[in-house]
Amino acid sequence: MPCLCHESGIGKAELDACPYVSEEAREKLAEASAPPIRQVAIGAGVRVLKIGGETVMFRHEKTFYNPTGIAALVLSSMSMADLDRKLKEWNALQYERVGLNLRPELIALKDTNGDAGAFGAAAKKIAEESEFNLILMSDNMVAMKAAVKVAAFKRPLLYAATKDNVELMGTLAKEKNLPLGVKAENLEALIALSDKLTGMGLKDLVLDSGSRELKQVFQDQVLIRRAPLRAGNRSLGFPTITFPCEMAGNLDMETVMAAMLIAKYAGIVVLSDFRGESLFPILLERLNIFTDPQRPMTVTQGIYEIGSPDESSPVLVTTNFSLTYFIVSGEIEASRIPSWLLILDTEGLSVMTAWAAGKFSGDMVGPL
């Protein structure tokens, strides 16, 4: 019997919404229709971060879906007072751009001395007192379990399963239903670990090829993206994590590396710190890369009041391209002159482009 949920067109309904599919069939269909690179969720609630799920090598082929997660490193040896100060400073690093809130999403908490108490206390504070999602970094299973015990509700990424602890880390991640980072010294070893973990029943993996040399990291990101998309290699069909904080001696160079890795397929980039002058440029770069090139960002056609205008206030006209709208409206607000702003639907085209295409003219504005 055909699935009636799809009678009106392929892909018009979510598989989970179909009442006619058995659990076994649902699982098989979901696996068959899943993107070649698995989407992995880190965190919970409204701030959940989704990485992976990509279907193309190049943005212009279709679009990129899930923006690269941006993380800052915190050491477990940091005092609670310093951690509290950092959380407050970092939480303030939010920017408005074309009507969107741009902000980093992750804190990578690194166990520096195997002190389970300190690692767990820091994880608890970050999980309970901040909106950041967590990456828990430790090769000490006692410390990792202590942190998971207090922060599992935030669905942190566990980092990392290696050839030395793959069964222990895999078992913990499976028991708690948490995503797991996988680290190896090269791609061949990474494939072996990935296969072992998927064989244990884990599905939410994040890959680290192990290199900290820029050229090799770049090559690894490209190969990991290409393998599932072009060669059907499911062993590498997962998002990646990269560490500019371990590749450079200062935040400026880390930022340059992060910019390259955001453009070239990294699922997560980890920096040593968040500072406005380095964070804002890569947030903006990320926005541009992960905007659908086939669907310009637009605002709704209409007449907008800025500042309580009246019948004698000026009327300004522009297109519904989001960037144009927010630049113009911002300038009007800064002028402190109450005005009417008329937005014409030009299908998201900018002023000159819309005019050249015959979509922005006096005759079209008049009827509004």
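The following legends describe an overall view and close-up views of a predicted model.

**Figure 1. Overall view of the predicted chain.** The chain contains 12 helices and 15 strands. Its C-alpha trace extends over about 75 × 60 × 40 Å along the principal axes. Of the 368 residues, 46% are buried. Among contacts with a separation of 6 or more, 66% are between residues 24 or more positions apart. The accessible surface amounts to about 18,400 Å², and carbon and sulfur atoms contribute 54% of this area.

**Figure 2. Close-up of the second largest pocket.** This pocket holds about 550 Å³ of space. Its lining is formed by 22 residues, and those nearest the pocket centre are Pro 67, Asn 101, Arg 103, Glu 105 and Arg 286. Two or more lining residues come from each of strand E2 (49-51), strand E5 (100-102) and helix H9 (276-289).

**Figure 3. Residue classes in the lining of the second largest pocket.** The lining comprises 12 nonpolar residues, together with four polar and six charged ones.

**Figure 4. Close-up of Ser 194 in helix H6.** Helix H6 covers residues 187-199 and includes Ser 194. The relative accessible area of Ser 194 is 0%, so this residue is classed as buried, the cut-off being under 20%. When neighbours within four places in sequence are set aside, Ser 194 has contacts with Leu 205, Ser 235 and Phe 238.

Conventions: Residues are numbered from 1 along each chain as its sequence is written. This is a predicted model: local features need pLDDT of at least 70, side-chain atom pairs count only at pLDDT 80 or more; totals for chains, interfaces and linings use all residues. Side-chain values use heavy atoms; hydrogens and water are left out. On a 1 Å grid over the protein atoms alone, a cavity is a set of points where a 1.4 Å probe fits but cannot get out, and a pocket is an open set with protein on both sides within 12 Å along at least five of seven lines; lining residues have an atom within 4 Å of a point. Grid points are joined across faces, edges and corners, and a volume is the space filled by probe spheres set on the points. Helices (H or I, at least four residues) and strands (E, at least two) are DSSP runs, numbered from the N terminus. Ala, Val, Leu, Ile, Met, Phe, Trp, Tyr, Cys and Pro count as nonpolar, Asp, Glu, Lys and Arg as charged, and the others, Gly among them, as polar. Buried means under 20% relative accessible area, exposed over 50%, partly exposed in between (1.4 Å probe, protein chains only). Contact means heavy atoms within 4.5 Å. Accessible areas come from the Shrake-Rupley method with a 1.4 Å probe; for residues, only the protein chains shown count as cover.
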